[in-house]
Amino acid sequence: MFRSATSFALGALFLLALVNNVLAGTAGCGKTPTLKSGTQTMTVNGKQRRWILRIPDGYNNTTPYRFIFGLHWLNANMNAVDGGNAPYYGLKNLAKNTAIFVAPDGLNQGWGNSNGEDITFLDNIRQKIDEEFCVNENLRFSLGFSYGAAMSYSLACSKAKDFRAVAVLSGATLSGCAGGNDPIAFYGQHGVHDSVLNIAQGRQLRDRFVKNNGCQSKTAQEPSNGSRQRITTVYDGCKYPTQWTAFDGDHVALPGDNGADSGPNSFTVPAVWKFFSQFE
Ligand SMILES: *[C@@H]1O[C@H](CO)[C@@H](O)[C@H](O)[C@H]1NC(C)=O
Ligand SMILES: *[C@@H]1O[C@H](CO)[C@@H](O)[C@H](O)[C@H]1NC(C)=O
């Protein structure tokens with residue numbers, strides 16, 4: 001009796017481990033979510049915080065989904081990422097209902113991350129999403145432009161184990177970098193004549209993850225001002241994919257080849273989606 005109960009329990013555990021391993025799904029797998037798409041609130045360190053959730057159409061709670069944070073720039077808010085002509089930096093359209101998207105709202109329209117409060121906020125959302133929805137824990141991502149790039153970089157510094165990749169569009173170290181030694185897949189891009197955050201600041205972010213990822217060093221060529229070119233450098237020998245695009249342009253999230261904002265037609269949109277969707 002005792003023996004067969006034990007071996008039954010062991011067998012069940014083994015099966016559970018197998019299923020979990022195959023699906024890599026979070027606690028929300030198999031559950032009916034209580035959250036609906038739209039604005040959510042949460043209290044973090046005594047402050048009321050807001051975020052927008054977009055659940056894919058036809059959500060299936062036994063399919064582990066990708067999870068993507070879209071972080072807004074300075075003097076903007078979550079609505080700017082969720083709306084406009086390229087929601088979630090254009091990725092929402094390309095994902096075709098294969099990803100759960102979240103646009104969190106920064107304090108004072110930025111990501112000052114005072115004493116790590118924004119990292120805590122994002123981590124609390126990540127946990128809430130894991131509990132509510134079926135998420136593939138190997139396929140969580142964050143991207144943003146400018147201050148939102150700085151915050152995605154900060155997340156890569158502090159939470160590399162929870163995220164698969166970040167895309168840092170014209171960023172700088174504005175939101176800190178606690179930890180900062182773990183490898184994570186890194187997509188960086190920056191305009192060669194960025195008049196808000198100089199490209200040297202973007203190179204600095206890139207170089208941290210070139211190092212953390214153990215890539216071979218390589219000189220990343222950059223196009224000259226007025227060339228209307230962009231040059232992408234893919235680093236070799238890295239633990240996780242690491243790439244950098246320098247484009248002829250200023251401080252623009254979704255540039256076209258003339259450097260001007262091109263919204264959903266920017267080269268950035270398919271490039272970031274290709275980078276994120278290479279992981280299975
Ligand atoms: C839900 O997802 C599971 C696992 O991917 C799949 O086997 C099942 O057919 C899906 N259900 C529907 C209704 O699509
Ligand atoms: C780069 O070119 C733009 C116009 O194409 C010009 O406004 C800017 O001053 C140039 N910047 C540098 C650093 O040469």
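## Strands, helix H5 and salt bridges

Tutor: Phe67 stands opposite Arg140 in strand S5, and we can start from that pair in what is a predicted model.

Student: What makes S3 and S5 paired strands, and in which sense do they run, parallel or antiparallel?

Tutor: Pairing requires at least two bridges between the strands, and 6 bridges join S3 (residues 65-71) to S5, so the requirement is met. The two strands run parallel. S5 is also joined to strand S6 (residues 165-169) by 5 bridges, again in the parallel sense, and there Phe141 has Ala165 in S6 as its bridge partner.

Student: How do you know that strand S5 is mostly covered?

Tutor: A residue counts as buried when its relative accessible area is under 20%, and in S5, which spans residues 135-145, 9 of the 11 residues are buried.

Student: Which three elements make the right-handed β-α-β unit?

Tutor: The unit consists of S5, helix H5 (residues 147-158) and S6. It is called right-handed because, with the strands pointing away from the viewer, the path from the first strand over the helix to the second runs clockwise.

Student: What makes the span of H5 close to the one expected?

Tutor: The expected span is 1.5 Å times one less than the number of residues. H5 has 12 residues, for which 16 Å is expected, and its first and last C-alpha atoms are 16 Å apart, so the computed span agrees closely with the expected one.

Student: How many residues of H5 are buried, and what covers them?

Tutor: The count is 11 of 12, so by the under 20% criterion H5 is mostly covered; among the buried residues are Tyr147, Met151, Tyr153, Leu155 and Cys157. The cover includes strands S3, S5, S6 and S7 (185-191) together with helices H4 (117-132) and H6 (199-212).

Student: Which residues touch the most other members of the largest nonpolar core?

Tutor: That core has 38 residues, and Trp51, Leu53, Phe69, Ile129 and Phe133 touch the most other members. Elements that give two or more residues to this core include S2 (47-54), S3, H4 and H6, while H5 gives the most, with 8 residues. Leu53 touches Ile100, Phe101, Val102, Ile129 and Phe133, among others, when residues up to four places away in sequence are not counted. A second, separate core of 29 residues includes Ile68, Leu139, Leu143 and Phe145. In soluble globular proteins, nonpolar side chains tend to be buried together.

Student: Why is the contact between Asp182 and Lys161 called a salt bridge?

Tutor: The rule asks for a side-chain nitrogen of Lys or Arg within 4 Å of a carboxyl oxygen of Asp or Glu, and the closest N and O atoms of Asp182 and Lys161 are 3.1 Å apart, so the pair qualifies. Asp182 lies in the loop between S6 and S7 and Lys161 in the loop between H5 and S6, so the bridge ties together parts that are 21 residues apart in sequence.

Student: Is Lys161 buried or exposed, and what is Asp182 called?

Tutor: With a relative accessible area of 70%, Lys161 is exposed, since the cut-off for that term is over 50%. Asp182, at 27%, is partly exposed.

Student: Which residue forms a salt bridge with Asp130?

Tutor: Arg126 does, with the closest N and O atoms 2.9 Å apart. Both residues lie in helix H4, 4 residues apart, about one turn of the helix, and both are buried. Arg126 and Asp130 also belong to a network of salt bridges that links them with Asp123, Arg140, Lys159 and Asp162.

Student: How do you know that S7 is largely enclosed by the rest of the structure?

Tutor: Its buried residues number 7 of 7, so S7 is largely enclosed. Ala185, Tyr187, Gln189 and Gly191 are buried on one side, and Phe186, Gly188 and His190 on the other, which leaves both faces covered. S7 pairs in the parallel sense with S6 over 5 bridges and with strand S9 (residues 242-247) over 6 bridges. Val168 stands opposite Gly188 in S7, and the bridge partner of Phe186 in S9 is Thr242.

Notes. Residues are numbered from 1 along each chain as its sequence is written. Chains are lettered from A and ligands numbered from 1 in the order in which they are written. This is a predicted model: local features need pLDDT of at least 70, side-chain atom pairs count only at pLDDT 80 or more; totals for chains, interfaces and linings use all residues. Side-chain values use heavy atoms; hydrogens and water are left out. Buried means under 20% relative accessible area, exposed over 50%, partly exposed in between (1.4 Å probe, protein chains only). Contact means heavy atoms within 4.5 Å. A nonpolar core is a set of buried Ala, Val, Leu, Ile, Met, Phe, Trp, Tyr and Cys residues joined through side-chain atoms within 4.5 Å.
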